[in-house]
Amino acid sequence: MFIGLGLAAVYLLQTLPTGLYSGRLAELGVQLFILPTCVAAVICVRRPVLAVMIATIAAGVATVYLRTYHLSEPTLLSPLTPVETVAFLVIIMTVVFHADAVVAVIEVGLLCSSATFALLYRESNNLYSSTFRLNFALCVAVVGVAVMVAIYLRSRDGMRRRALTAAVTDAQRAERVELARELHDVVAHHVTGMVVQAQAAMAVSENDPLAAHRLLPGIASSGTDALTAMRRLVGTLRESEPLYTATTDLHSDVQAAVGRAEQAGVPVRLRMELPEPVPQEVGRSVLRLVQESLTNVHKHANAPTDVTVELTRTPTGLRLLVRDDGKGGRVVPVGGSGGYGLVGMRERVELLGGLFSAGEVDGGWQVLAELPLSS
């Protein structure tokens, strides 16, 4: 659009004096041969090969026409007329910017050959004269500047595209990691509860069928929670809704998570001292940390009889401690373990600028996290 308007303005400035002050049809005819070159510059973005061919042929025909009728036209930085020069530079820069290197060399070479033909035959220049050499050097310099500018712009555009691609890739990876955390921390948490309770029911079913029957509501509840979490994830992927729902009552949410753990057969001692208010991001992360830590107790602790969950305030934030009194060693759960739980917990804490540690203490396992309440 802007290229076309600019060329039209230059073409009018070049053509109007001829039409107003010259009555020779031959001089007006030159402008008709120049017009295709302007059209080629306008279409060069979409049809570069066709544009190069049109510009090369049109400039050559205009040169033959000028030579035949012994006409002379004003020039600008080249043996071509001002509008032809501008059109050629636009085509050269567009070709260098968009085309492959080999194709660009061929197409720029065709345009330069047409300009050289014009330099030789539009004016009666001696091939060995200083004027010819000066004009030739000027043409080479103008083309060289145009090519270098196009290469610079192409380089900047390549950097911008790579930066954009990297940003999109990082965003996609962040979405995958966020989804993986939700799957692991929520869905896997409920599924683990179902597996643990089902294993317990199988172990006591022969000796105490009623005890096994009492475990069935917990399995059904965990299954319902897992289905709810899966539906929320599917809704997130379909509707682009936020992946996490805001935690408005951290105290109740943590108590509910502890209650599900106790329902699965793990005695939990809970102590909470929460400040008011707790930021939503911190509240969500604390809840996920508690859920994942209790899930790990179910899956890996060796015969624990007591699990301590302490959530207390510090001068700068919240401190979470989850510790079991297992008898040493870690149990390998049915189906194995991907090892992503600790990785996900550490990522959650570090994203909020907190500190995280996890390891074996006196035979049991301890998870310790400190989360700041303000960034």
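## The β4-β5 hairpin

In this predicted model, V361 stands opposite G364 of strand β5. The strands concerned are β4, which covers residues 355-361, and β5, which covers residues 364-372, and they pair in the antiparallel sense over 7 bridges. Together β4 and β5 form a hairpin with 2 residues between them, and D362, which lies in the turn, has a positive phi of about 55°.

## The sheet

The hairpin strands belong to an open sheet of 5 strands in the order β1-β2-β3-β5-β4, in which the pairing is mixed. Its edge strands, each pairing on one side only, are β1 (268-272) and β4, and the twist from one strand to the next averages 10°.

Strand β1 runs parallel to strand β2 (residues 307-313), to which it is joined by 5 bridges; M272 has L311 of β2 as its bridge partner.

## Helices on the sheet

Helix α8 packs on the sheet, where it touches β1 and β2, and its direction makes about 170° with that of β1. Helix α9 also packs on the sheet, touching β1, β2, β3 (317-324) and β5, with a direction that makes about 5° with that of β3.

## The α8-α9 contact

Helix α8 (residues 250-263) and helix α9 (residues 280-300) pack with their axes 10 Å apart and at an angle of about 10°; because angles under 35 degrees count as roughly parallel, α8 is roughly parallel to α9. On the α8 side the contact is made by L250, D253, V254, A257, V258, R260 and A261, and on the α9 side by G283, V286, L287, V290, Q291, L294 and H298. By class, the residues of this contact divide into 9 nonpolar, 3 polar and 2 charged.

Note on methods. Residues numbered from 1 in each chain as written. Predicted model: local features only at pLDDT ≥ 70, side-chain atom pairs only at ≥ 80, totals over all residues. Heavy atoms only, no water. Pairing = 2+ DSSP bridges. Helix = DSSP H or I, 4+ residues; strand = E, 2+ residues; numbered from the N terminus. Axes fitted to C-alpha atoms, helices over the stretch in contact; angles between N-to-C directions. Parallel < 35°, antiparallel > 145°, perpendicular 65-115°, else oblique. Contact = heavy atoms within 4.5 Å. Nonpolar A, V, L, I, M, F, W, Y, C, P; charged D, E, K, R; others polar.
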